[in-house]
Amino acid sequence: MISAYNLKPKFQQLLKPVLNLLYKLKFTANHITLLAMLLSVMLGIGFWIHPYGKMFLVLPAGLLFRMALNALDGMMARTFNMQSKIGEILNEFGDIVSDIFIYFPLVKLPGLNALLLLAFVLMAILNEFAGVLAKAISGTRRYDGPMGKSDRAFLAGLICLVFYFWKDLSNFINYVFIFALILLLISTFIRLKNALK
């Protein structure tokens, strides 16, 4: 299934120089995970306070930076043998906290139905839970798309960019989130189905 997650290997190759620099600066994988969560909280609060203007450009840039940090913490853990149980907890817990803080403020987008956004956030949490549950069942964490973590970040960033350059998206925003919800349901089903193989 098509997903931005499929681009992760190429993305990781681009990040290798950054990884080596962070290691030399004595960063650990858990430091990077916490930094990603802190960034997400700050982005969410910033968008809640100032949901217009330049923030429509700041949020996509922040989401891209968060995706880089999410890739780097796993790379750091694997490359430099920093894998730990607390790191795994921080990673999973951090993703849920980050999603809540980033996506709930989108309720301030013009024309967006609050119940649709609530359903989107809840389904995003269930989608990540399905990935973790798959590991409990089969021993392998599932990241199958569509509308996995990277896809949701891409969608939110794209929506903000469109709102910044084209104000009339408010007439279509609810349809975008309905489509995203359908994709989340498909993704969750795929993750659980693959876990049972």
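Here are some short exercises on this predicted model, each with a worked solution.

Before you start, residues are numbered from 1 along each chain as its sequence is written. Because the model is predicted, local features need pLDDT of at least 70 and side-chain atom pairs count only at pLDDT 80 or more, while totals for chains, interfaces and linings use all residues; side-chain values use heavy atoms, with hydrogens and water left out.

**Exercise 1. Check the span of helix H7, then find what covers its buried residues.**

Step one: know what a helix is here. Helices are DSSP runs of H or I with at least four residues, numbered from the N terminus.

Step two: work out the span. The expected value is 1.5 Å times one less than the number of residues. For the 23 residues of H7 (173–195) that gives 33 Å, and the end C-alpha atoms are indeed 33 Å apart, so the two agree.

Step three: look at burial, which means under 20% relative accessible area (over 50% is exposed, in between is partly exposed; 1.4 Å probe, protein chains only). Among the buried residues of H7 are Ile 173, Phe 177, Leu 181, Leu 184 and Ile 190. Their cover includes helix H5 (114–138) and helix H6 (149–165).

Step four: zoom in on Asn 194, which sits in H7. Asn 194 counts as buried because its relative accessibility is 16%. Setting aside residues up to four places away in sequence, Asn 194 touches Arg 142 and Asp 144, where contact means heavy atoms within 4.5 Å.

**Exercise 2. Do the same for H6: what is its span, and which helices do its buried residues pack against?**

Step one: H6 has 17 residues and reaches 25 Å from its first C-alpha to its last, close to the expected 24 Å.

Step two: its buried residues include Lys 149, Asp 151 and Arg 152, along with Leu 155, Ile 159 and Phe 163.

Step three: the buried residues of H6 pack against H2, H3, helix H4 (85–103), H5 and H7.

**Exercise 3. Look at the backbone in two loops: what is the phi of Lys 26, what is the phi of Met 147, and is the bond from Gly 145 to Pro 146 cis or trans?**

Step one: recall the background. Most residues other than glycine have a negative phi, and most peptide bonds are trans.

Step two: go to the loop between helix H1 (8–24) and helix H2 (29–49), where you'll find Lys 26. Lys 26 has a positive phi, near 75°, and is not a glycine. With 69% relative accessibility, Lys 26 counts as exposed.

Step three: move to the loop between H5 and H6, home of Pro 146 and Met 147. The peptide bond from Gly 145 to Pro 146 is cis, with omega near 5°. Met 147 also isn't a glycine, yet its phi is positive, at about 70°. Met 147 counts as buried, since its relative accessibility is 8%.

**Exercise 4. Describe how H2 packs with H3, H4 with H5, and H1 with H3.**

Step one: pick the numbers to read. Two packed helices are described by the angle between their axes and the distance between the axes. Axes are lines fitted to C-alpha atoms, for helices over the stretch in contact, and angles run from 0 to 180 degrees between N-to-C directions. Under 35 degrees is roughly parallel, over 145 roughly antiparallel, 65 to 115 roughly perpendicular, and the rest oblique.

Step two: take H2 and helix H3 (residues 55–79), whose axes come within 8 Å and cross at roughly 165°. H2 and H3 are therefore roughly antiparallel.

Step three: H4 and H5 have axes 10 Å apart at an angle of about 170°. That makes H4 roughly antiparallel to H5. Residues that meet here include Ile 96 and Ile 100 in H4, and Phe 120 and Val 121 in H5.

Step four: for H1 and H3, the axes are 9 Å apart and the angle is about 70°. H1 and H3 are therefore roughly perpendicular. Their contact includes Phe 11 and Leu 15 of H1, and Ala 68 of H3.

**Exercise 5. Is Ala 68 buried or exposed, and which residues is it in contact with?**

Step one: find Ala 68 in helix H3. Its relative accessible area is 10%, so Ala 68 is buried.

Step two: leave aside neighbours within four places in sequence, and Ala 68 is in contact with Phe 11 and Leu 15.

Notes. Helix = DSSP H or I, 4+ residues; strand = E, 2+ residues; numbered from the N terminus.
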